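Morning, everyone. I have one model to walk through, and I will keep it short.

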Amino acid sequence: MSARIELDAVRKAYPDGTVAVEGLSLTVEPGQVLALVGPSGCGKSTTLRMINRLVEPTSGRVLVDDEDVTRTDPVALRRRIGYVIQDVGLLPHRTVAANVGTVPRLLGWDRRRTRDRVAEVLDLVGLPLGTYGSRYPHQLSGGERQRVGVARALATDPPVLLMDEPFGAVDPERRRDLQQQVARILRDVGTTVVLVTHDVDEAVRLGDRVAVLSRGGRLEQLDPPVAVLAHPATAKVREFVGDGAPVRMLALTHVDRADLDGPERVVEPAPAPVRLGETLTTAFEAIAALPPSAQGRVPVVDAGGALVGSLTADGILAGLRRAADAAVPDARAAGDRPHPGAARVAAATPRPAS
Ligand SMILES: Nc1ncnc2c1ncn2[C@@H]1O[C@H](COP(=O)(O)OP(=O)(O)OP(=O)(O)O)[C@@H](O)[C@H]1O
Ligand SMILES: [Mg+2]
């Protein structure tokens with residue numbers, strides 16, 4: 001169960017005159033993850049909070065499944081919309097199980113149904129009820145607390161989940177792990193998600209589409225991650241995405257048969273292989289770690305472990321180029337502006353000689 005979200009020419013001017021969001025229109029299809037990314041103060045949190053009416057739009061409309069949220073009772077609305085924030089906001093004097101069961105209890109679920117659902121969502125985030133249910137928030141690591149926050153937000157299977165910098169308080173080493181776990185959970189649950197972050201890596205890893213905002217909540221680009229990286233629509237997107245775009249694309253692109261040379265070109269003794277479908281980051285690291293005797297060529301195996309070819313740095317560049325060419329930016333999202341960055345990854349990834 002997931003909902004469609006539509007923002008239609010939404011504007012928010014705060015009472016002191018600050019225009020946080022101006023004329024923002026976008027849609028999130030059911031079950032999709034939209035990552036809202038942009039510099040500090042550009043209006044991301046304001047946009048998110050207009051979806052669950054923690055902030056009222058000054059003008060424009062916010063629709064959840066075609067229903068105007070300003071005509072919906074805010075309390076009822078918030079029970080249908082999960083909300084995860086940076087410091088989670090768990091109740092310190094209540095156990096993990098009680099925290100996760102808060103909304104089901106408010107909704108009047110009986111004990112048995114609440115307990116079953118709490119067990120289910122705690123399993124989903126990898127914190128089994130038997131081990132973690134009776135702990136208090138201070139008896140958890142930061143990442144575990146964050147996962148309890150996600151479990152709590154998912155407890156009533158909300159059709160919409162809003163996440164505002166959900167990994168902000170997690171140390172960088174664990175962040176990547178937690179992002180991967182949450183990405184998997186979101187795929188399993190299939191709920192519609194709007195995720196706010198100022199971290200481009202997080203946006204491109206978690207978002208099905210990425211909305212890049214600039215100051216005043218202006219939509220600079222709304223596209224799938226690879227399109228944003230390979231074809232930044234405006235100078236502001238290019239500046240924000242930064243010089244790391246090709247490297248970031250490695251993590252979003254996978255080892256594909258199209259980029260392989262024949263298996264007979266593997267030099268003996270054969271180095272440890274990479275697998276079809278692994279990220280190009282993994283393949284790149286494998287190639288970088290090869291001994292000189294391997295001549296820059298790593299064997300590639302299929303899911304069953306059978307040798308299907310070999311890959312070099314040229315193959316990786318070819319894979320990046322294919323991904324960039326396949327990612328067609330949506331011209332409407334950028335207001336039919338030209339795409340000054342279109343040639344950029346092309347320039348950064350020279351075509352292999354072969
Ligand atoms: N209650 C308020 N009253 C007046 N101005 C506000 C209020 N809340 C936010 N703003 C202003 O609105 C603008 C957008 O704020 P918002 O919190 O949406 O930004 P953000 O993109 O989430 O930033 P960050 O990445 O730092 O969290 C900022 O200029 C901020 O100062
Ligand atoms: Mg914010």
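Two strands pair if DSSP finds at least two bridges between them. Keep that in mind for the first stop. One caution before we go on: this is a predicted model.

Start with strand β6, residues 81-85. Its partner is strand β7, residues 160-164. Five bridges join β6 to β7, and the two run parallel. For a register point, take V84: it stands opposite M163 in β7. How many of the five residues of β6 are buried? Four are, so β6 is largely enclosed by the rest of the structure.

Next, the ligand. Which residues surround ligand 1? Going along the chain, we have Y14, D16, T18 and A20, then S40, G41, C42, G43, K44, S45 and T46, and finally H198. By class, that shell has three nonpolar, seven polar and two charged residues. Helix α1, residues 44-51, supplies the largest share of the shell, with three residues.

Stay on α1. This helix is mostly covered, with six of its eight residues buried. The buried ones are K44, T46, T47, L48, M50 and I51. K44 and T46 also belong to the shell around ligand 1. Just past the end of α1 sits R53, with a positive phi of about 65 degrees.

Now to helix α13, residues 280-288. Its buried residues are L280, A283, A286 and I287. Where do they sit around the axis of α13? They fall within an arc of 120 degrees, so they line one face of the helix. The general rule is familiar: an α-helix has 3.6 residues a turn, so residues three or four places apart point the same way. On the other side of α13, E285 and A288 are exposed.

What covers the buried residues of α13? The cover includes two helices, α12 at 245-252 and α14 at 313-326. It also includes the strands β11 at 274-275, β12 at 298-301 and β13 at 307-311.

Those strands are my last stop. The three form an open sheet, ordered β11-β12-β13, with mixed pairing. β11 and β13 are the edge strands, and each pairs on one side only. Between β11 and β12 the pairing is parallel, over two bridges. One residue to look at there is R275, whose bridge partner in β12 is V301.

To recap the pieces: β6 is largely enclosed, α1 gives the largest share of the ligand 1 shell, and α13 has its buried residues along one face. Over to you.

Conventions:
Residues are numbered from 1 along each chain as its sequence is written. Chains are lettered from A and ligands numbered from 1 in the order in which they are written. This is a predicted model: local features need pLDDT of at least 70, side-chain atom pairs count only at pLDDT 80 or more; totals for chains, interfaces and linings use all residues. A residue is near a molecule or strand if its C-beta atom, placed from the backbone, lies within 6 Å of it. Ala, Val, Leu, Ile, Met, Phe, Trp, Tyr, Cys and Pro count as nonpolar, Asp, Glu, Lys and Arg as charged, and the others, Gly among them, as polar. A residue is buried if 20 or more other C-beta atoms lie within 10 Å of its own, exposed if 12 or fewer, and partly exposed in between; C-beta atoms are placed from the backbone. The arc is that of the directions from the helix axis to the C-beta atoms. Two residues are in contact if their C-beta atoms, placed from the backbone, lie within 7 Å.
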